[in-house]
Amino acid sequence: MKVALVCRSFDKNSGQGIYKMAGYLYENIRKFSDLDVQKIESRSKNSYLFDLVESPKNVLNRDFDIYHFLMPESSLPILLSREVRSKSIVTIHDAIIYKIKERRWLSEKYIKMMYWIAKRAKIIITPSRQSKEDLINIVGFSEDKIFTLPWGIDLNHFRPKKTKKNLNNRKIVVGYVGGLGKRKNVEWLLYSARSLKDNIHVKIAGDGPRLSFLMELKNKLKLTNVEFVGFISEEKLPDFYGSLDVFVFPSLYEGFGVPLLEAMACEVPYIIGTNAGIGEILPIYKIKKFSQLKLLLEKIIRKEFSPLKDQRKLLIRSKLTWNDHVSTLVEIYKKLNL
C-alpha cells in the first residue's frame with residue numbers, strides 16, 4: 001500500500017506539536033509497518049503557500065492508495081479531486097479554533113474554511129474522545145466517519161533518569177513544557193510560585209507570544225523562584241523532565257496533551273493537568289481551577305500524596321506506544337482501501 005503523509009512540516013524540533021507528531025508518525029510507520037510511506041511537506045517557510053499551492057500541486061500530480069492529511073489546513077486537494085477525496089484521511093487534533101478566541105480574525109476564518117474542506121474526507125482521525133465529541137457537536141462532523149486514535153510515545157527516547165529524587169530539606173521542582181500562548185494558562189505556575197515561594201522552584205520551558213507577558217509578571221510579583229529555560233530540543237527533553245518533581249500542564253483546553261504522556265514516560269513523580277484529552281485514559285491529578293492546583297502542591301510538599309509509580313508499564317498496558325498507534329492506523333488504512 002502506497003501512502004502519502006501530507007503536512008506542512010515533519011520537524012520534531014519545530015516547537016509545534018502537530019509537526020512533532022507528524023515527524024514521529026512518519027518514522028514509526030516506516031519502523032513498524034511494510035507500507036510504502038512518503039512525505040509531502042513544505043519547501044518554503046510560508047505555510048499558506050504550502051496549503052494553497054504546494055500541497056495541491058504535489059498531491060494531484062502523484063498517485064497513492066491513501067492520502068493522509070495530518071492537519072486540516074493542508075487538505076485542499078480533497079476539494080479539488082474526487083479521486084483524492086475517495087482515498088482521503090484527515091487527522092484533526094482538536095476543535096480549539098471553535099472554542100477559544102486566540103487568533104486574528106482572518107486566520108480564524110481561514111482555519112474554519114479548511115475544517116469545512118476536511119469534512120469531505122472519507123475518514124477523520126482524532127486523538128481523544130473529547131476531540132471527537134467536539135467535532136461532532138460543535139463543528140458538525142459525521143460521527144460514523146471519525147476514528148479515535150491516541151498518539152503514541154517513544155519509550156526508548158523518553159526514559160526516566162536513574163538518579164533518585166529526595167524531597168527532604170529542599171524545594172520541590174515544578175515544571176512545564178509547551179507553548180506560551182494564552183490558552184496554555186502558564187501564569188498559574190507563577191501564582192503558585194508566589195504562594196509557595198519557600199517550598200517550590202518553577203521551571204518553564206518553551207516559547208510563544210506570551211513569553212514577554214509572563215516575564216513581566218514574574219518581575220511584577222518579584223519572584224526569585226521562577227526560571228524561564230527557553231525552547232528545549234527533542235534530544236534534551238528527557239533530561240528536563242528528569243529534573244522535575246512535579247509536572248504541571250495547566251492548559252485551558254487540549255485535544256490530547258502530549259507533554260503529559262512524555263512526563264509519564266520519564267516517570268515524573270507527580271503529574272497534574274487540566275482539560276486535556278489524555279486524562280480520559282491516564283490517572284493524572286486533574287484540576288479545574290487555580291485553588292485546586294495550589295492545594296495539590298501543598299499536599300505534595302507535606303508528603304500527603306504518594307508518587308505515581310510504574311507509569312511506563314501503564315503506558316504500555318494502555319496501548320500508548322507508537323507500535324500500537326501504527327498497528328491501529330494500518331487497520332484504518334485497510335478499511336479505506338477495501
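Which residues does Ser-131 touch, not counting residues up to four places away in sequence? This is the starting point for a set of exercises on a predicted model.

**Exercise 1. Place Ser-131 and list what surrounds it.**

Step 1. Ser-131 sits in helix H7, which covers residues 129-139.
Step 2. Leaving out residues up to four places away in sequence, Ser-131 touches His-93, Asp-94, Thr-126, Tyr-253 and Gly-255.
Step 3. The relative accessible area of Ser-131 is 0%. The cut-off for buried is under 20%, so Ser-131 is buried.

**Exercise 2. Work out the order of the strands in the open sheet and find its edges.**

Step 1. The sheet has 6 strands in the order E9-E8-E7-E10-E11-E12, and the pairing is parallel.
Step 2. Its edge strands are E9 (226-230) and E12 (285-286), each of which pairs on one side only.
Step 3. Going along the order, E7 and E8 run parallel and are joined by 6 bridges. Within this pair, Tyr-176 has Ile-204 of E8 as its bridge partner.
Step 4. E7 also pairs with E10 (residues 246-249) in the parallel sense, over 2 bridges. Here Val-174 stands opposite Val-246 in E10.
Step 5. E10 is joined in turn to E11 (residues 270-273) by 4 bridges, again running parallel. Val-246 stands opposite Tyr-270 in E11.

**Exercise 3. Decide whether the faces of strand E7 are covered or open, and describe the helix that follows the strand.**

Step 1. E7 spans residues 172-177, and 6 of its 6 residues are buried.
Step 2. On one side are Ile-172, Val-174 and Tyr-176; on the other are Val-173, Gly-175 and Val-177. Both faces are covered.
Step 3. E7, H8 and E8 form a β-α-β unit, and the unit is right-handed.
Step 4. Helix H8 lies across E7, E8, E9 and E10, and runs at about 160° to E8.

**Exercise 4. Where is Leu-196, and is Leu-196 buried or exposed?**

Step 1. Leu-196 belongs to the loop between helix H8 (187-195) and strand E8 (200-205).
Step 2. With 7% relative accessibility, Leu-196 counts as buried.
Step 3. Apart from neighbours within four places in sequence, the contacts of Leu-196 are Asn-225, Lys-294, Leu-297, Glu-298 and Ile-301.
Step 4. Met-113 is 83 residues from Leu-196 in sequence, and the two C-alpha atoms are 45 Å apart.

**Exercise 5. Describe how helices H1 and H14 pack.**

Step 1. Two packed helices are described by the angle and the distance between their axes.
Step 2. The axes of H1 (residues 17-32) and H14 (residues 322-337) come within 9 Å and cross at roughly 80°. The two helices are therefore roughly perpendicular to each other.
Step 3. H1 contributes Met-21, Tyr-24, Leu-25, Asn-28, Ile-29 and Phe-32 to the contact, while H14 contributes Trp-322, Asn-323, His-325, Val-326, Leu-329 and Tyr-333.
Step 4. Sorted by class, the contact has 9 nonpolar and 3 polar residues, with no charged ones.

**Exercise 6. Describe the backbone and setting of Lys-222 and Lys-303.**

Step 1. Most residues other than glycine have a negative phi.
Step 2. Lys-222 has a positive phi, near 55°. Lys-222 is in the loop between helix H9 (211-220) and E9, and counts as exposed at 73% relative accessibility.
Step 3. Lys-303 also has a positive phi, near 60°. Lys-303 lies in the loop between helix H12 (290-301) and helix H13 (311-317). With a relative accessible area of 47%, Lys-303 is partly exposed.

Notes. Residues numbered from 1 in each chain as written. Predicted model: local features only at pLDDT ≥ 70, side-chain atom pairs only at ≥ 80, totals over all residues. Heavy atoms only, no water. Buried < 20%, exposed > 50% of the residue type's maximum accessible area, 1.4 Å probe, protein only. Contact = heavy atoms within 4.5 Å. Pairing = 2+ DSSP bridges. Right-handed = clockwise from strand over helix to strand, strands pointing away. Axes fitted to C-alpha atoms, helices over the stretch in contact; angles between N-to-C directions. Parallel < 35°, antiparallel > 145°, perpendicular 65-115°, else oblique. Nonpolar A, V, L, I, M, F, W, Y, C, P; charged D, E, K, R; others polar.
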